[in-house]
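User: I should like to learn how to read the features of a model, one after another. Please begin with strand pairing and proceed from there.

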Amino acid sequence: MSEQDTWESRYSVPEFIFGREPNYFLQSCRELLPASGKALAIADGEGRNGVWLAEQGLSVVCLDFSESAQRKATSLAKERGVKIDLVRADIHSWSYPPEAFDVVIDIFTQFSSPTERLKKWQGVHNTLKPGGLFILQGYTPRQLQFNTGGPKKIENLYTRQMLEEAFRDFHDVRIVEEEREMREGPAHSGMSAVIGLTARR
Ligand SMILES: C[S@@+](CC[C@H](N)C(=O)[O-])C[C@H]1O[C@@H](n2cnc3c(N)ncnc32)[C@H](O)[C@@H]1O
């Protein structure tokens, strides 16, 4: 089964596998968001994070390759009374438009191999406007001990050193590592080892 078919099959259940509420770290960054502007949600899945950004007054593009996830995102946006723009594409080959977004979010997208990850983060660099805000959340290698979600390959997990290196030319870099109880749908549930980053291009 291809990677895309695997995701389609995971999403082919009526419930939202990552929940309907935004990621806790994204929510904690509310004060940093501009009152208006354009946001890109990378691999946004069922739309919980993109819809929340739209509720904060941003004009949001939700990028993902899963049709069934995007159907759920459409219904969540309708339910919440906001508009989102859906783009169905592979995040590793999408043409990230230059200096187009005020905010980019990258929440739990650790399916990327190390080479693909570099391409994805190059896309983030290119598509953020100067001064634009980047928000990231992922799992650290300690997550392998918890087995409560996320990839099983150590090279896909994030370390502080990896993020410091990848975003060394950004400003106001803030990295938070924590172990905490997660309740983000059945797919991300239980004690988890996570890392969050905020930075400005
Ligand atoms: C772990 S889920 C996270 C979804 C969302 N960011 C969230 O936090 O609820 C990963 C998402 O990446 C999408 N995805 C995986 N590989 C992709 C690719 N190469 N291009 C686009 N989307 C991809 C899947 O369809 C899925 O929605």
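Analyst: Let us start with a single bridge in this predicted model: I107 has Q137 of β5 as its bridge partner. In general, strands of a sheet pair through backbone hydrogen bonds, either parallel or antiparallel. Here β4 and β5 (residues 128–139) pair in the parallel sense, over six bridges.

User: In which sense do β1 and β4 run, and how many bridges join them?

Analyst: β1 and β4 run parallel and are joined by four bridges. One partnership to locate is that of A39 with V103 in β4. As for burial, β4 is mostly covered, with six of its seven residues buried.

User: What is the order of the strands in the sheet?

Analyst: The sheet is open, has seven strands and follows the order β3-β2-β1-β4-β5-β7-β6, with mixed pairing. Its edge strands are β3 (85–88) and β6, each of which pairs on one side only. From one strand to the next, the twist averages 15°.

User: Which two strands run antiparallel, and how many bridges join them?

Analyst: Strand β6 (residues 171–183) and strand β7 (residues 189–200) run antiparallel, with eleven bridges between them. Within this pair, R180 has S192 of β7 as its bridge partner. The two strands form a hairpin with five residues between them, and G185 in the turn has a positive phi of about 80°.

User: Which residues other than glycine have a positive phi?

Analyst: Two cases are F108, with phi near 50°, and N147, with phi of about 55°. F108 is placed in the loop between β4 (101–107) and α5 (114–127), whereas N147 lies in the loop between α6 (143–146) and α7 (160–166).

User: Are F108 and N147 buried or exposed?

Analyst: The test is a count of other C-beta atoms within 10 Å: 20 or more make a residue buried, and 12 or fewer make it exposed. F108 has 21 such atoms and is therefore buried. N147 has 11 C-beta neighbours inside 10 Å, so N147 counts as exposed.

User: How may I read the surroundings of one residue in a strand, such as A41 in β1?

Analyst: For strands, the general idea is that side chains alternate between the two faces of the sheet when the strand is regular. In this structure, A41 is found in strand β1 (residues 38–42). A41 counts as buried because 31 C-beta neighbours lie inside 10 Å. Leaving aside residues up to four places away in sequence, A41 touches N49, G50, L53, V60, C62, L63 and I105. For I105, the separation along the chain is 64 residues, yet the C-alpha atoms of A41 and I105 are separated by 5.0 Å.

User: How should a helix be read, taking α3 as the case?

Analyst: An α-helix has 3.6 residues a turn, so residues three or four places apart point the same way. In α3, seven of the eight residues are buried, and the helix is mostly covered. The buried residues are R48, N49, G50, V51, W52, L53 and A54. They pack against α2 (24–28), β1, β2 (59–64), α4 (67–80) and β4. Just after α3, G57 takes a positive phi of about 100°.

User: Which residues are closest to the ligand, and how many surround it?

Analyst: The ligand is surrounded by 20 residues, of which the closest are F18, A43, G45, F65 and S66. The elements giving two or more residues to this shell are α1 (3–11) and α3 (48–55). By class, the shell has nine nonpolar, six polar and five charged residues.

User: Finally, how does one read the chain as a whole?

Analyst: One begins with the inventory: the protein chain has seven helices and seven strands. Along the sequence they follow the pattern α-α-β-α-β-α-β-β-α-β-α-α-β-β. The radius of gyration is 16 Å, close to the 17 Å that the globule rule gives for 201 residues, so the chain is as compact as a globular protein of that length. Along its principal axes, the C-alpha trace spans about 40 × 40 × 30 Å. Of the 201 residues, 39% count as buried. Among contacts between residues at least 6 apart in sequence, 69% join residues at least 24 apart.

Key:
Residues numbered from 1 in each chain as written. Predicted model: local features only at pLDDT ≥ 70, side-chain atom pairs only at ≥ 80, totals over all residues. Rg over C-alpha atoms; globule rule 2.2 N^0.38 Å. Contact = placed C-beta atoms within 7 Å. Near = placed C-beta within 6 Å. Nonpolar A, V, L, I, M, F, W, Y, C, P; charged D, E, K, R; others polar. Pairing = 2+ DSSP bridges. Axes fitted to C-alpha atoms, helices over the stretch in contact; angles between N-to-C directions.
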